[in-house]
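Colleague: Can you walk me through this model? I'd like to hear about the aromatic rings and the pockets.

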Amino acid sequence: MQITVSTVSLTVDDVNASRKFFTTHLGYKAIAAADGFASLTRGDAAVDLVLLRRGIEVLPAGRCDRHAAGVVLAFTVTGIEGEERRLREQGVAITMPLRKEPWGERLFQVTDPNGIVVRFVEWAAPDEVGEDTDT
């Protein structure tokens with residue numbers, strides 16, 4: 001088996017709101033869309049996204065009314081301070097400010113209009129791990 005792309009499918013109430021968020025702020029582009037459906041890609045190492053309206057008939061029975069709850073979509077980036085600043089300047093609410101964890105992970109989070117948590121992560125160089133955790 002050769003996997004050529006990875007895609008995460010997220011069930012949301014408002015496909016257009018999430019599509020606009022991901023295309024406007026996170027560099028995705030819509031490659032297919034219909035009522036209750038959007039397929040998004042970036043053309044780089046980021047995972048592709050499929051947005052499905054809650055209740056759409058293509059979802060399995062018992063799952064068609066569930067939201068994308070408990071999912072954290074995480075992207076490893078470089079220049080994390082600049083990304084947080086860019087998103088803040090674009091009016092995106094930062095729902096977890098930039099911080100550094102003791103194990104070397106630097107991160108911040110935003111949340112899309114449907115409640116999808118998007119985490120941005122940058123890893124400290126190995127010699128920086130264990131240093132002061134203040135940002």
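Modeller: Aromatic pairs come up here, then the pocket. This is a predicted model, where local features need pLDDT of at least 70, side-chain atom pairs count only at pLDDT 80 or more, and totals for chains, interfaces and linings use all residues. Residues are numbered from 1 along each chain as its sequence is written, and side-chain values use heavy atoms, with hydrogens and water left out.

Colleague: How many aromatic pairs does the structure hold?

Modeller: Five. Rings of Phe, Tyr and Trp (its six-membered ring) pair if their centres lie within 6.5 Å; planes under 30 degrees apart are stacked, over 60 edge-to-face, the rest tilted.

Colleague: Why is the pair of F22 and Y28 edge-to-face?

Modeller: Because their planes stand at 90°, with the ring centres 5.8 Å apart.

Colleague: And are F22 and Y28 buried or exposed?

Modeller: Both are buried (under 20% relative accessible area, 1.4 Å probe, protein chains only).

Colleague: What about Y28 and F75?

Modeller: That pair is tilted, at 6.3 Å centre to centre and 50° between the planes. The two residues sit 47 apart in distant parts of the chain. Y28 is in the loop between α1 (15–25) and β2 (29–34), and F75 is in strand β5 (residues 72–76). Helices (H or I, at least four residues) and strands (E, at least two) are DSSP runs, numbered from the N terminus. F75 is buried too.

Colleague: Which residues form the aromatic cluster?

Modeller: F21, F22, Y28, F75, F108 and F120 form one cluster.

Terms used:
Buried < 20%, exposed > 50% of the residue type's maximum accessible area, 1.4 Å probe, protein only.
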